Amino acid sequence: MNHSLNLSFKADILIVDDTLENLRLLSNTLIQMGYKVRGVMTGQMAIMAVQTLPPDLILLDIKMPDMDGYTVCQQLKENEKTRDIPVIFLSALNEVIDKVKAFEVGGVDYITKPFQFEEVIARIENQMALQAAKAEIRQLNEQLEERVQERTAELEVANLQLTALNQRLEQEIAEHHKTQKRLLHMASHDALTSLPNRVLFMNRLIQALQRTQEEPNYQFGVLFLDCDRFKVVNDSLGHFAGDRLLIAIARRLKTHLTSTDMLARFGGDEFTILLENIKDSEDAIRLAQKIQTAMSWPFQFDDQELFINASIGIVVGNQTYQEPEHLLRDADIAMYQAKAQGKARYQIFDTQMHHHAQQRLELDTDLRRALHREEFLLYYQPIISLATGRINGFEALLRWSHPQKGLISPGEFIPAAEETGLIIPIGLWVLKEACQQLKAWQNQALFKHPIKMSVNLSVKQFSQVNLIQNIDKIILQTQLNSSYLKLEITESAIMENPESATELLQQLRDREIQLSIDDFGTGYSSLSYLHRFPLHNLKIDRSFIHRISETRQNLEIIQAIITLAHHLNMTITAEGVETAEQLSLLRSLGCEEGQGYYFARPLEPNAAQALLLDNPHW
C-alpha cells in the first residue's frame with residue numbers, strides 16, 4: 001500500500017473501468033470529495049499503474065475486454081507488494097455467484113451498478129477507515145514494543161520505578177485491546193444498522209454447516225430478503241430517508257427472531273436470516289409469513305407513512321450442502337423466483353430452480369456470443385393485399401440458429417435479450433438486414449408493384465434516445481427508400497410515455513416511414529390517445545382472427561376495430577389468417593391486408609425470393 005505522506009488529498013484512488021463515462025463521473029465526484037484519482041480502462045493498464053505507483057484503494061470493474069476484474073484482482077493479490085491494497089468491485093453483475101467470486105479472489109467489497117455515489121463514497125471511506133485503523137494498530141504495536149524495551153532497560157537501572165511503569169503498561173495494553181475489539185466490530189457489522197454484515201453471517205453459516213456433519217438430524221434455515229420498491233423510496237425521498245427506512249426495517253425484523261437466530265444486512269436493501277435448529281421447512285415458512293405480515297404495516301416517518309414489502313427466498317441447510325456460498329446462491333434464486341411471481345411473496349428453493357437458473361445463464365452467455373458469431377438469421381412472412389390477392393410486403397422475423405440446439409424461436413430468447421439489453425444491438429442488426437434484403441430484391445426487379453418490409457421494434461429499442469439517428473444511419477447505408485419501410489410497435493411501448501411517443505412517431509412519419517401498432521387489442525392502449533398518434537396501420541392480433549367465426553360478438557369486435565381504424569385514416573392488417581373462411585370474412589369487413597399460414601409460413605430468404613418470382617394469387 002502507498003504510505004507516502006501527502007496532505008493535499010485524502011487518499012490515492014485508482015479507478016479501473018472500460019466505460020469512459022463511468023471513469024469520468026466517478027473521478028469528478030471523488031476529486032470533489034478531496035481524493036486523488038487516477039483512471040485506466042483496461043486490466044493490463046491497471047496492473048502497470050499499481051506497480052508504478054501503488055494507490056491506497058482500487059475501484060475495479062469486472063467485465064473488461066482484455067482482462068476481467070477477477071483476474072486483475074487475483075494477480076494483485078499474488079504480488080507481495082500489492083496484495084494489501086483494498087479492492088472494491090464495481091459491476092452490473094448482481095448474481096450471488098458473481099459476488100461470491102469477487103470475495104474469493106480478494107475483493108473487500110462489492111457495489112452493484114447502477115450505483116449511488118453516496119454508497120460508493122461511504123464504502124470508500126469505510127475501507128479507508130479500516131486501513132487507517134490497521135495502520136494505527138501496527139503503529140501501536142511498534143510503539144508498545146519499543147516502550148516495553150525501554151521500560152525493561154529502565155528497570156535494570158531503577159527497580160524503584162517498576163510499579164509505576166507496570167501500571168502504565170497495563171493501561172496501554174487495555175486501550176490496545178479496546179481498539180482491537182472496536183475494529184473487529186467495525187469489520188463484522190454493518191455501519192448503518194449495526195447488524196452483522198456479510199462476513200459475520202458467512203462465518204455463522206460455516207459453523208452451521210459443520211454442525212450438520214456432526215449431527216445428522218440438525219437442520220437450519222436461511223431466508224434471503226429483498227425489499228420491494230425500496231428504490232422508489234430512495235429516488236423520491238432521498239438517501240437519508242432510505243437509510244432511516246433500512247434502520248426501521250432492521251428493528252422490525254429483529255422483533256420476530258429469537259436470541260439464537262441471526263439477522264444480517266447483506267448490502268443495499270438485502271437482509272439475510274439464519275434460523276438455528278429447525279424441524280423442517282415449515283418453521284422457516286412461518287417466520288416468512290410473520291415477516292410479510294409485519295412488513296405490510298406502514299413505517300411512520302414524521303407526518304408521512306411509507307409502505308414497503310419484501311420478497312423472501314428460503315433454503316433449508318442440511319448435510320446435502322458443503323459450501324455456504326451454495327446456500328446463499330439457492331436462497332437468492334428462490335428470492336428472485338418470488339419476485340417473478342409478483343413480489344411480496346416467499347418461495348422455498350428446489351433443485352429445479354437451480355437447473356432453470358443454470359439454463360438461463362447458459363442462454364444469456366450463448367446469446368451474447370450469437371451476434372458476434374452471426375448465428376441470427378431472418379425469415380420473411382408475406383403480407384397479402386386482400387383487394388388484389390397479391391403480395392403487398394413481408395414481415396422480417398428473427399430466428400436463432402444455435403450451433404448445438406438448432407433453430408430457436410424468438411419466444412425462447414427474446415425475453416432474455418430484453419432483460420440483458422442485447423435486444424438493442426440485435427434489433428439494429430434485424431433492421432439493417434431486412435432493409436438490405438428488400439433493397440436486393442428491388443435491384444433484381446422481382447416484383448412489378450412496390451412492396452414494403454415490416455420490422456418489429458421492441459419496447460427497449462423504442463425508448464432509446466438515439467433511435468432516430470440509428471434508423472437514419474441504416475437507411476443511408478442500405479440506400480433503401482424509407483417509404484418502403486414499415487416499423488411495427490407494440491401498444492405497451494407507445495403507452496409507457498404517450499407524449500414522447502407521439503413526438504418520436506411524428507419524426508419517423510416525417511421520414512415517410514410507415515408506422516403500425518402490432519398485436520392491437522392485446523395491450524392497454526387508450527382509445528382517447530389513439531387518434532393522437534401519427535400511425536398508418538393497425539395489426540389485429542391473431543387471437544381475434546382465430547375466433548372470428550365462433551360468435552357474432554367476435555365478428556362485431558373486429559368490425560369495430562376496422563371501422564375505428566378507417567375513421568382514423570388507418571389501414572388494417574389481420575394476423576394469423578389460417579382458413580379460407582377467415583379470409584372471406586375479413587374481405588367482407590373491408591380489411592386491407594392479411595398475414596398467416598393460409599398464405600405462407602415464414603420463409604428463408606431464398607424461399608421468399610422464389611415466392612416473389614412465382615407471383616401467387618389468393
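This is a short talk about one protein chain, going from its overall form to a few single residues.

Good morning, everyone, and please keep in mind throughout that what we have in front of us is a predicted model. Let me begin with the chain as a whole, which has 23 helices and 21 strands. Its radius of gyration is 32 Å, well over the 25 Å that the globule rule gives for 618 residues, and so the chain is more spread out than a compact globule. If you look along the principal axes, the C-alpha atoms fill a box of roughly 120 × 55 × 55 Å. Of the 618 residues, 48% count as buried, and the accessible surface comes to about 31300 Å², with 50% of that belonging to carbon and sulfur atoms.

You may also want to know how the chain meets itself. Among contacts with a separation of 6 or more, 67% are made by residues 24 or more positions apart. As for charge, there are 60 positive and 80 negative charges in the chain, and the mean positions of these two groups are 2 Å apart.

Now let us turn to strand β5, which covers residues 109-112 and holds D109. Is D109 buried or exposed? With a relative accessible area of 13%, D109 falls under the 20% cut-off, and therefore it counts as buried. Its side chain is joined to the side chain of R123 by a polar contact of 2.6 Å. Apart from neighbours within four places in sequence, the residues in contact with D109 are V87, I88, F89, F103, R123 and Q127, so that R123 appears here again, as you would expect from the definition of a contact as heavy atoms within 4.5 Å.

Following the chain onward from β5, we come to P114, which lies in the loop between β5 and α5, the latter covering residues 117-157. The peptide bond leading from K113 to P114 is cis, with omega near -5 degrees.

The next stop is helix α10, residues 281-295, where we find A288. A288 has a relative accessibility of 0% and counts as buried. Leaving aside neighbours within four places in sequence, A288 touches L223, I312, I314 and Y346. There is also a pair to look at here, since A288 and G313 are 25 residues apart in sequence and 8.9 Å apart in space, taken from C-alpha to C-alpha.

Helix α10 also holds Q292, and this residue is buried too, at a relative accessible area of 17%. Which backbone atom does the side chain of Q292 reach? The side chain reaches the backbone oxygen of A344, at 3.5 Å. Again setting aside neighbours within four places in sequence, Q292 is in contact with A310, I312, A344, R345 and Y346. If you compare the two lists, I312 and Y346 are in contact with A288 and also with Q292.

Finally, I would like to show you two residues in loops. E512 sits in the loop between α18, residues 498-510, and β18, residues 514-520, and it has a positive phi of about 65 degrees although it is not a glycine. N569 has a positive phi as well, of about 60 degrees, and it is not a glycine either. The loop that holds N569 runs between α21, residues 552-567, and β20, residues 571-575. With a relative accessible area of 69%, which is over the 50% cut-off, N569 is exposed.

Thank you for listening.

Methods:
Residues numbered from 1 in each chain as written. Predicted model: local features only at pLDDT ≥ 70, side-chain atom pairs only at ≥ 80, totals over all residues. Heavy atoms only, no water. Helix = DSSP H or I, 4+ residues; strand = E, 2+ residues; numbered from the N terminus. Rg over C-alpha atoms; globule rule 2.2 N^0.38 Å. Buried < 20%, exposed > 50% of the residue type's maximum accessible area, 1.4 Å probe, protein only. Areas by Shrake-Rupley, 256 points an atom, 1.4 Å probe, with all protein chains shown as cover. Lys, Arg positive; Asp, Glu negative; His and termini not counted. Charge placed at Lys NZ, Arg CZ, Asp CG, Glu CD. Polar contact = N/O pair within 3.5 Å; in protein donor to acceptor, adjacent residues only side chain to side chain.
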